[in-house]
Amino acid sequence: MATAALNERLTLQIPLPSPRLAKIAADVLDVDKDLKPEVSRRLISTQDNILILDFQTSTLKLLRTVVNSSLEMVQMVVSTMASFDTESEEP
């Protein structure tokens with residue numbers, strides 16, 4: 001099977017309250033690997049307190065679908081961290 005060109009690209013930078021929470025979010029989101037890396041790739045990294053999501057896909061429609069799904073997962077992770085993170089509370 002020929003590999004499709006990954007011509008469509010989008011990078012999102014999502015600020016989080018701390019580098020620790022950005023790293024936790026990246027680790028949680030990076031568990032799910034790409035099902036079809038020949039048509040879609042997602043790279044997750046952090047820089048200080050910024051969560052960086054880099055998407056590459058073969059079509060704009062697929063890019064929209066992958067980004068939407070990833071943002072839903074980010075929303076769930078951030079919501080969960082807000083509810084259960086006790087280390088961010090200052091004495």
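Begin by selecting Asp 48, which sits in the loop between S2 and S3. The model on display is predicted. Asp 48 is exposed, with a relative accessible area of 60%. Its backbone also deserves attention: phi of Asp 48 is near 55 degrees, a positive value in a residue other than glycine. Most residues other than glycine have a negative phi. The loop that holds Asp 48 belongs to the hairpin of S2 and S3, with 2 residues between the strands.

**The whole chain**

Next, zoom out and colour the protein chain by secondary structure. How many helices and strands does the protein chain have? There are 2 helices and 3 strands, and along the sequence they follow the pattern β-α-β-β-α. Measured out along the principal axes, the box that the C-alpha atoms fill is roughly 55 × 20 × 20 Å. The protein chain has 91 residues, of which 31% count as buried.

With a surface display switched on, the exposed area of the protein chain comes to about 6400 Å², and carbon and sulfur atoms supply 55% of that area. Colouring by charge brings up 9 positive and 13 negative side chains, the centres of the two sets lying 10 Å apart. As for contacts within the protein chain, among those with a separation of 6 or more, 66% are between residues 24 or more positions apart.

**The strands**

Return to the hairpin and select residues 40-47, strand S2, together with residues 50-57, strand S3. S2 and S3 pair in the antiparallel sense over 8 bridges. For one such pairing, select Leu 43, whose bridge partner in S3 is Asp 54.

Now add strand S1, residues 8-15. S1 and S3 run antiparallel and are joined by 8 bridges. Select Ile 14 and look across to S3, where Leu 51 stands opposite.

Is S3 largely enclosed or largely open to the outside? S3 is largely enclosed by the rest of the structure, because 7 of its 8 residues are buried.

**Ile 44 in strand S2**

Select Ile 44, which lies in strand S2. Ile 44 counts as buried because its relative accessible area is 16%, and the cut-off for buried is under 20%. Which residues are in contact with Ile 44, apart from neighbours within four places in sequence? They are Ala 26, Leu 29, Asp 30, Leu 51, Ile 52 and Leu 53. A distance label drawn from Ile 44 to Ala 25 should read 9.5 Å, C-alpha to C-alpha, for two residues that are 19 residues apart in sequence.

**Leu 35 in the loop before S2**

Keep Ala 25 selected and add Leu 35, which is found in the loop between H1 and S2. Leu 35 and Ala 25 are 10 residues apart in sequence, and their C-alpha atoms are 20 Å apart in space. Is Leu 35 buried or exposed? Leu 35 counts as exposed, because its relative accessibility is 84% and the cut-off for exposed is over 50%.

**Helix H2**

The last stop is helix H2, residues 60-84. H2 has 25 residues and reaches 36 Å from its first C-alpha to its last, close to the 36 Å expected at 1.5 Å a residue. Show the side chains of Leu 63, Val 66, Val 67, Ser 70, Val 74, Val 77 and Met 81, which are buried in H2. An α-helix has 3.6 residues a turn, so residues three or four places apart point the same way. The buried residues of H2 pack against strand S1, helix H1 (19-29), strand S2 and strand S3.

Among these buried residues, select Ser 70. Ser 70 has a relative accessible area of 5% and is therefore buried. Which residues does Ser 70 contact beyond its neighbours within four places in sequence? Ser 70 is in contact with Arg 42 and Phe 55. To finish, display Ser 70 with Arg 42 and Phe 55, keeping strands S2 (40-47) and S3 (50-57) in view.

Conventions
Residues are numbered from 1 along each chain as its sequence is written. This is a predicted model: local features need pLDDT of at least 70, side-chain atom pairs count only at pLDDT 80 or more; totals for chains, interfaces and linings use all residues. Side-chain values use heavy atoms; hydrogens and water are left out. Helices (H or I, at least four residues) and strands (E, at least two) are DSSP runs, numbered from the N terminus. Buried means under 20% relative accessible area, exposed over 50%, partly exposed in between (1.4 Å probe, protein chains only). Contact means heavy atoms within 4.5 Å. Accessible areas come from the Shrake-Rupley method with a 1.4 Å probe; for residues, only the protein chains shown count as cover. Lys and Arg count as positive and Asp and Glu as negative; His and the chain ends are not counted. The place of a charge is taken as NZ of Lys, CZ of Arg, CG of Asp or CD of Glu. The expected span of a helix is 1.5 Å times one less than its number of residues. Two strands pair if DSSP finds at least two bridges between them.
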